[in-house]
Structure formats: C-alpha cells, structure tokens
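Please open the model in your viewer and keep the sequence beside it, so that each selection can be followed in both places. The tour moves from one selection to the next, and says at each stop what is there.

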Amino acid sequence: MQMHSAVHENQFHRIDVAVVREEQVISVMADDGNFRVGVVGDNKKVTSNLAHDISASALDGAIQGIRPGGCKSFSVWRTQVLKAGSTDVAGYTWRVRFNCATASTFPMLKVINTGLSATPAAAL
C-alpha cells in the first residue's frame, strides 16, 4: 500500500478597499461679525462664536470640540470668495474633511448667524 504525505497549502487573498473621506462645505458671505457652526438635528453640538474670517486651523479646532458624528479628526481648507468684478473679499468657504471611518454619512454641519454683516456693493 502506498502512502502519500500531507500537502500543505497556503492561500492568500488580497482585498483592496478604497476609503473615501466625507467632505462638507461651510460658506459665509460677510465682511464682519460672528457665526457658529452646529450639527443639524442636535442643538447641543454648537461651537462658540467664530469670526467671519476664522482661519482653517481655528475652525478645525472648533469643530473638533463639538465632535459631529463622534469624529474628532478633521482637515479644513479656507478659500476667499471675491465680490463680482472686484478684488474685495465677499466672504469665505471652508471645506471640512472628516478623517474618521464610518459606515454611513456624518451629520450635516450648519452655519448659525450670530451677527454677520456685509457691506452692500453700492457702498464700495
């Protein structure tokens, strides 16, 4: 009778997963005053007053403080918005990237006006 030795086989599987980080945009068209950032549907998650021209890093810290959706890691970029036909700043937009894994979407961020003002175009 002939005996066969055991054959050991190793199988490896490679699974590639693309991680897409959610991004939201906050826009404020004002040249003075303050606003707050809150979470839609949760009145307890609101920042303190923020200047109309807050830096990206300062907004990042403010959003970390309210931890929308439990996330505490963000990347924030600020862009100036110019008045039509002018080099004057009309306001700012901030792109907020959530750097946390999630199986669903994060709650929407909202702007709460606490005293923003804009100079009318005719006054320039």
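## First stop: the disulfide

Begin with the cysteines of this predicted model, where the count of disulfides comes to 1. Select Cys 71 and Cys 100, which are the two residues that this disulfide joins, with 2.1 Å from S to S. In general terms, a disulfide is a covalent bond between the sulfur atoms of two cysteines.

Now show the loops around the pair: Cys 71 lies in the loop between α1 and β5, while Cys 100 lies in the loop between β6 and β7 (109-113), so that distant parts of the chain, 29 residues apart, are linked. Is the disulfide right-handed or left-handed? The torsion about the S-S bond of Cys 71 and Cys 100 is about 80°, and therefore the disulfide is right-handed. If you add a surface, keep in mind that Cys 71 has a relative accessible area of 1%, which is under the 20% limit, so Cys 71 counts as buried.

## Second stop: the whole chain

Next, colour the protein chain by secondary structure, which comes to 1 helix and 7 strands. If you read along the sequence, these elements follow the pattern β-β-β-β-α-β-β-β. Of the 124 residues in the protein chain, 26% are buried. Among the contacts between residues at least 6 apart in sequence, 60% join residues that are at least 24 apart.

## Third stop: a sheet and the helix on it

Select β1, β6 and β5, which in this order make up an open sheet of 3 strands with antiparallel pairing. Which strands are at the edges? They are β1 (23-28) and β5 (74-82), each of which pairs on one side only. Turn the view to look along the sheet, where neighbouring strands are turned by 20° against each other on average, with direction ignored.

Then add helix α1 (residues 56-66), which packs on the sheet and touches β1, β5 and β6, with its direction at about 130° to that of β5. As a general point, the strands of a sheet pair through backbone hydrogen bonds, either parallel or antiparallel. Here β5 and β6 (residues 89-98) run antiparallel and are joined by 9 bridges. To see one place along this pairing, select Val 81, which stands opposite Gly 91 in β6.

## Fourth stop: the aromatic rings

A search of the whole structure finds 4 aromatic pairs, and one of them is formed by Phe 35 and Trp 94, whose rings are tilted, with 5.6 Å from centre to centre and 35° between the planes. Because Phe 35 lies in strand β2 (residues 34-39) and Trp 94 in strand β6, this pair ties together parts that are 59 residues apart in sequence. Phe 35 counts as buried, at 0% relative accessibility, and Trp 94 likewise counts as buried at 0%.

Keep Trp 94 selected and add Tyr 92, since these residues also form a tilted aromatic pair, with 6.0 Å from centre to centre and 35° between the planes. Both Tyr 92 and Trp 94 are buried. Show the three rings together, and you will have the cluster of Phe 35, Tyr 92 and Trp 94, which is linked by ring pairs.

## Last stop: a charge over a ring

Finally, select Arg 95 and Trp 77. Where does the charged end of Arg 95 sit? The charged end of Arg 95 sits over the ring of Trp 77, at 4.3 Å from the centre of that ring.

Notes: Residues are numbered from 1 along each chain as its sequence is written. This is a predicted model: local features need pLDDT of at least 70, side-chain atom pairs count only at pLDDT 80 or more; totals for chains, interfaces and linings use all residues. Side-chain values use heavy atoms; hydrogens and water are left out. Two strands pair if DSSP finds at least two bridges between them. Helices (H or I, at least four residues) and strands (E, at least two) are DSSP runs, numbered from the N terminus. Axes are lines fitted to C-alpha atoms, for helices over the stretch in contact, and angles run from 0 to 180 degrees between N-to-C directions. Contact means heavy atoms within 4.5 Å. A disulfide is a pair of cysteine sulfur atoms within 2.5 Å. Buried means under 20% relative accessible area, exposed over 50%, partly exposed in between (1.4 Å probe, protein chains only). Rings of Phe, Tyr and Trp (its six-membered ring) pair if their centres lie within 6.5 Å; planes under 30 degrees apart count as stacked, over 60 as edge-to-face and the rest as tilted. A charge sits over a ring if NZ of Lys or CZ of Arg is within 6 Å of the ring centre and within 35 degrees of the ring normal.
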